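Please open the model in your viewer, with a cartoon for the backbone and sticks ready for side chains. The stops below each begin with something to select.

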Amino acid sequence: MVRRRTLATAFTAGLVFALAACGGGSSSSDSSSSSGGNASGKIGVILPDTTSSPRWESADRPQLEAAFKAAGVESDIQNAGGDAQKMQTIAQQMITGGVTVLAIVNLDSASGAAIQQQAKKQGVATIDYDRLTLGGSADYYVSYDNNQVGQLQGDGLQKCLGATQANIAYLNGSPDDNNATLFSSGAHAVLDKVSTYKKVAEQAVPKWDPVQAQTIFEQLYTQAAGNIQGVYAANDTLANAAIQTLKRNNQKVPVTGQDAAVQGLQNILSGDQCMTVWKPADGEAKALSETAIALLKGETPKTTGTVKDTEANRDVKSILLDPISVTKDNLADVISKGAQKASDVCTGDYAAMCTQAGIK
Ligand code: GAL
């Protein structure tokens, strides 16, 4: 139940309560607010960055705006630009500005937990969006089933490799991101069982940073003397970093990815990437919006179960969605469902590849 907050600086309780109930708006340059609607109160969403994946600004933001607008709930969506301190500041500004439900994609569990503690003290409900905050206190967790994402990546790489002898290099996501741990464990659960596969290298990429990913994969490739037949890359950004090194060495081996980003789809069309995992942003945004609105109305959100936060030793009420494996065979679905535009993917040499893949 979201207790109606009273603004500490207000000059009369009655006026404050009225303002809070209507969710007095706040918006900054990189935020977007939609107003009006039937659920009083306001939801704040803080996205993590613009570099780890294009998804946050190209998919999550527009889908979240559409979902909140359709549901008639006031929202304020901002991006922390990869800076945990900035996320903290945005969170407090949002709460002061009337946000009564706060969703974050944490940059790391410690900073996420601190934000959630602060929010709770001010009577604001919190939701972990996409990433679980270990040791946090979120009331709900909305995401795709991230272990299942890893299993799809493992299955996809296995299908592309076949039963042959294969040395595999693992390029994992950020060590600060609980999802990255789940992706990797899901993939290993599949690949470690295949006796002809051998892990020759494995490293995590801090903050999912594409530049560091390039350097790290170059090192892994050199250490393996180029004797790599498959690459597990945790998302399309990391996949592209590995593919650049493989291309420079005139090598083309199966590489996994995630996010069905434009670059990932293009790499699949050209045969440089074996697969990606598509987590339709409209589905995740809708799940967040439904959960937030239920909280705003003092109702109990529908959940699919709980997820164990091993650090806080608590079962977090969760809404987990099913991810989709994408290869050249079903890549056209990502376009036909509107998750990416043909005009963005089918540029230059990719135009003919799109036609071959049945993309109009
Ligand atoms: C993960 C997210 C993935 C991936 C990565 C980089 O937490 O679930 O979709 O894109 O962050 O942003």
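Begin by selecting W208, and bear in mind throughout that this is a predicted model. With a relative accessibility of 5%, W208 counts as buried, because the cut-off for that class is under 20%. This residue belongs to the loop between β8 and α7, and its phi is positive, near 60°, although W208 is a residue other than glycine.

Next, select D130, in the loop that runs between β5 (125–129) and β6. Here too the backbone has a positive phi, of about 75°, in a residue that is not a glycine, and D130, at 2% relative accessibility, counts as buried.

Now return to the loop of W208 and follow the chain into α7, then select helix α7 (residues 210–223) together with helix α8 (residues 236–248), whose axes lie 9 Å apart and meet at an angle of about 45°. The two helices are therefore oblique to each other, and the crossing of α7 and α8 is right-handed. To see what makes the contact, show the side chains of P210, A213, Q214, F217, E218 and Y221 on α7, and on α8 those of T237, L238, A241, A242, Q244, T245, L246 and R248.

The following stop is helix α6, residues 178–191, where a distance between the end C-alpha atoms can be checked in the viewer. They are 20 Å apart, which agrees with the 20 Å that 14 residues should span at 1.5 Å a residue. At the start of α6, look for D177, one of whose side-chain oxygens comes within 2.8 Å of the backbone nitrogen of N179.

How many of the 14 residues of α6 are buried? The helix is mostly covered, with 10 of its 14 residues buried, and these are N178, N179, A180, F183, S184, G186, A187, H188, V190 and L191. If you display the surroundings of α6, you will find its buried residues packing against the strands β6 (140–144), β7 (166–172), β8 (197–204) and β9 (230–233), as well as against helix α5 (146–161).

Finally, select M94, which has its place in helix α3 (residues 84–96) and, at 1% relative accessibility, counts as buried. Setting aside neighbours within four places in sequence, M94 is in contact with G44, V45, I46, D76, Q78, V99 and L102. As a last check, draw a line from the C-alpha atom of M94 to that of I43, which is 51 residues away along the chain, and the separation should read 8.8 Å.

Note on methods
Residues are numbered from 1 along each chain as its sequence is written. This is a predicted model: local features need pLDDT of at least 70, side-chain atom pairs count only at pLDDT 80 or more; totals for chains, interfaces and linings use all residues. Side-chain values use heavy atoms; hydrogens and water are left out. Helices (H or I, at least four residues) and strands (E, at least two) are DSSP runs, numbered from the N terminus. The expected span of a helix is 1.5 Å times one less than its number of residues. Buried means under 20% relative accessible area, exposed over 50%, partly exposed in between (1.4 Å probe, protein chains only). Contact means heavy atoms within 4.5 Å. A polar contact is a pair of N or O atoms within 3.5 Å; within protein, one must be able to donate a hydrogen and the other to accept it, and residues adjacent in sequence count only if both atoms are side-chain atoms. Axes are lines fitted to C-alpha atoms, for helices over the stretch in contact, and angles run from 0 to 180 degrees between N-to-C directions. Angles under 35 degrees count as roughly parallel, over 145 as roughly antiparallel, 65 to 115 as roughly perpendicular and the rest as oblique. A crossing is left-handed if the near helix is turned anticlockwise from the far one by less than a right angle, and right-handed if clockwise.
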